[in-house]
Amino acid sequence: MMNVNNFLKTDNYWQGKWHGAEKCFAVVNPANGQLLAEVADATPEQARLAVGAAAEAFRSWAALPAGERATILLRWHQLMLQHQDDLGLLLTLEQGKPLAEAKGEIAYGASYVQWFAEEAKRVYGDTIPGPAADKRIVVLKQPVGVVAAITPWNFPNAMIARKAAAALAAGCTFVVKPAQQTPLSALAMAELAERAGIPAGVFNVIATTDAKAIGKVLTQDPRIAKFSFTGSTQIGKQLIKQCADTVKRMSMELGGNAPFIVFDDADLDAAIEGLMASKFRNAGQTCVCTNRVFVQQDVMAAFTEKLQQAMKSLQVGVGTEEGVTIGPLISADACDKVDELVQQATEQGARLHCGGKRSEAEQLFYQPTLLSGVTADMSVVQEEIFGPVVALQSFTDEDEVIGQANATEYGLAAYFYSRDIGRIWRVTEGLAFGMVGVNEGIISNAAAPFGGVKQSGYGREGSSYGLDDYLDVKYVCLGGLSR
């Protein structure tokens with residue numbers, strides 16, 4: 001039987017200990033508004049103490065042989081999977097996503113811990129032919145130092161896991177500020193980190209309502225060598241500015257406006273399946289969610305009909321209930337924004353096929369919504385929807401749709417469906433995005449480099465490229481080697 005009390009922590013965690021605070025803040029279930037916990041509201045001074053703990057622990061953790069770090073991380077991974085049900089339930093209660101999705105997120109987050117544990121032993125350097133007979137050139141890779149991270153509410157386990165796993169595997173220590181709405185999953189990860197034997201000060205969690213003040217500590221403290229952020233482009237730009245004075249290494253995974261293109265030669269059933277997976281996961285509240293759907297004119301009618309039928313299978317409700325596939329949005333403001341985008345689109349001429357309103361009065365559930373006849377000047381196309389809304393646009397040819405897809409300041413993820421091998425290569429290379437799903441709607445995995453271009457940020461998470469973001473390259477010139 002699932003029991004969240006095994007992992008319900010309400011204090012902050014640093015130096016291997018749990019710390020309270022003078023004030024607390026409420027964490028509520030977005031599905032019903034019920035209070036889940038009162039969590040210690042960390043102050044900037046406490047954040048500095050956490051950074052100090054990470055700085056103190058860095059030298060010994062970095063000096064630990066990679067194989068030993070890997071063994072500890074693998075224990076952390078095993079504990080996550082062992083307690084997947086409890087962690088999933090806790091995640092559903094604080095974030096709202098359906099329980100099956102929440103359990104999937106736990107497994108997804110754990111996969112990064114496993115991946116980077118194994119990669120820790122493969123941080124290879126180089127030897128380069130020297131410029132003279134008495135010289136040798138050696139290249140070393142070493143951990144950057146203390147890493148700070150700020151993570152969002154939509155994936156409260158996985159967004160931390162894929163940053164922390166890479167940092168710890170590389171030999172860095174880690175301080176994270178989780179989202180105010182969803183700190184419980186982060187604190188549960190700290191509990192498991194302690195059980196796994198991760199040494200004091202190596203993994204630290206600071207929960208707070210004062211995001212601005214804590215953000216300044218994490219971006220401006222000179223003891224922090226690297227800063228990683230997942231969130232909106234607007235906030236990311238401010239954090240980049242704050243990091244500039246201490247010239248920190250940065251990874252930024254920011255906003256998206258993902259196109260989903262269906263060509264007339266596509267397998268429409270496969271495209272529907274891919275769109276449903278990409279669009280409606282977490283009620284549309286993911287950075288790589290499909291945001292703009294382009295369908296070639298000749299198959300628009302057939303595709304729209306198939307999609308509307310598929311959307312009838314979606315069940316809106318509380319994430320812990322059997323069969324629910326769409327949970328609540330995270331807040332009233334989020335629900336209001338989605339509704340405003342839909343109403344503006346219909347007022348400007350878009351056709352509403354289904355949905356288009358909240359599911360229940362005074363609650364945060366929004367009906368899965370299908371719009372067609374959408375045009376590029378509508379806000380529902382220009383802005384990140386972050387809700388269960390599909391907005392269809394038609395196109396006539398390949399060059400036209402590549403131009404439309406790229407007509408955004410964002411460049412995180414893109415998707416398209418086609419069975420023409422020449423077209424697949426042309427469109428893949430033509431799309432200005434960091435990740436492209438070809439005949440596939442779910443593209444994230446630990447072995448692949450996750451990240452964007454343009455105003456969707458820089459740096460990569462996952463894969464060996466993700467590990468490199470936590471390593472410094474040191475060139476060593478050995479001289480005087482002649483006899």
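Is N282 buried or exposed in this predicted model? With a relative accessibility of 2%, N282 counts as buried, and the close-up views described below take up this residue together with several other sites of the predicted structure.

**View 1. Two residues other than glycine, Q15 and N282, have a positive phi.**
Most residues other than glycine have a negative phi. In N282, phi is near 55 degrees, and this buried residue belongs to the loop that runs between α9 (268–280) and β13 (290–296). Q15, which is not a glycine either, shows a positive phi of about 55 degrees and sits in the loop between β1 (12–14) and β2 (17–19). Whereas N282 is buried, Q15 is partly exposed, with a relative accessibility of 31%.

**View 2. The surroundings of E253, a position that carries an "active site" feature in UniProt.**
The feature comes from an unreviewed UniProt entry, which places it at E253; in the model, this residue lies in strand β11, which covers residues 249–253. E253 has a relative accessible area of 4% and is therefore classed as buried, the cut-off being under 20%. When neighbours within four places in sequence are left aside, the residues in contact with E253 are M159, R162, F229, T230, G231, C287, L412, F450 and S456. With one of these, R162, the side chain of E253 forms a side-chain to side-chain polar contact of 3.1 Å.

**View 3. N257 in the loop between β11 and β12.**
The loop that holds N257 leads to β12, which comprises residues 258–262, and N257 itself is buried at a relative accessible area of 2%. Apart from neighbours within four places in sequence, N257 is in contact with N291, R292, V381, Q382, T408, Y410 and F433. The side chains of N257 and N291 are joined by a polar contact of 2.8 Å. By contrast with these contacts, the C-alpha atom of E45, which is 212 residues away from N257 along the chain, is separated from the C-alpha atom of N257 by 37 Å.

**View 4. D221 in the loop between α7 and β10.**
D221 is placed between α7 (211–220) and β10 (224–230), and its relative accessible area of 9% makes it a buried residue. Its side chain reaches the backbone nitrogen of R223 at 2.8 Å. Leaving aside the neighbours of D221 within four places in sequence, the residues in contact with it are R48, V51, K216 and K248.

**View 5. Helix α10 and its buried side.**
The twelve residues of helix α10 (residues 300–311) should span 16 Å at 1.5 Å a residue, and the distance of 16 Å between the end C-alpha atoms agrees with that expectation. The buried residues of α10 are M300, F303, T304, L307, A310 and M311. Because these residues cover an arc of only 130 degrees around the axis, they are on the same side of α10. In an α-helix there are 3.6 residues a turn, so residues three or four places apart point the same way. The buried residues of α10 pack against β12, α9, β13, β14 (351–354), β15 and β16, while A301 and E305 are exposed on the other side of the helix.

**View 6. Helix α11, its covering elements and the glycine that follows.**
Helix α11 (residues 332–347) has 16 residues, and its reach of 22 Å from the first C-alpha to the last is close to the 22 Å expected at 1.5 Å a residue. Buried in this helix are A334, C335, V338, D339, L341, V342 and A345. These residues cover an arc of only 155 degrees around the axis, which puts them on the same side of α11. Among the elements that cover them are β15 (369–372), α12 (379–382) and β16 (389–395), whereas the face turned away from the buried side carries the exposed residues D333 and E347. After α11 comes G349, with a positive phi near 115 degrees.

**View 7. Cysteines C24 and C335 in a model with zero disulfides.**
The count of disulfides, taken as pairs of cysteine sulfur atoms within 2.5 Å, comes to zero. C335 is in no disulfide, and the nearest cysteine sulfur, which belongs to C289, is 16 Å away. C335 is buried, with a relative accessibility of 1%, whereas C24, at 46%, counts as partly exposed.

Terms used
Residues numbered from 1 in each chain as written. Predicted model: local features only at pLDDT ≥ 70, side-chain atom pairs only at ≥ 80, totals over all residues. Heavy atoms only, no water. UniProt positions renumbered as here; feature names shortened; annotations may be inferred. Helix = DSSP H or I, 4+ residues; strand = E, 2+ residues; numbered from the N terminus. Buried < 20%, exposed > 50% of the residue type's maximum accessible area, 1.4 Å probe, protein only. Contact = heavy atoms within 4.5 Å. Polar contact = N/O pair within 3.5 Å; in protein donor to acceptor, adjacent residues only side chain to side chain. Expected span 1.5 Å × (residues − 1). Arc of directions from axis to C-beta.
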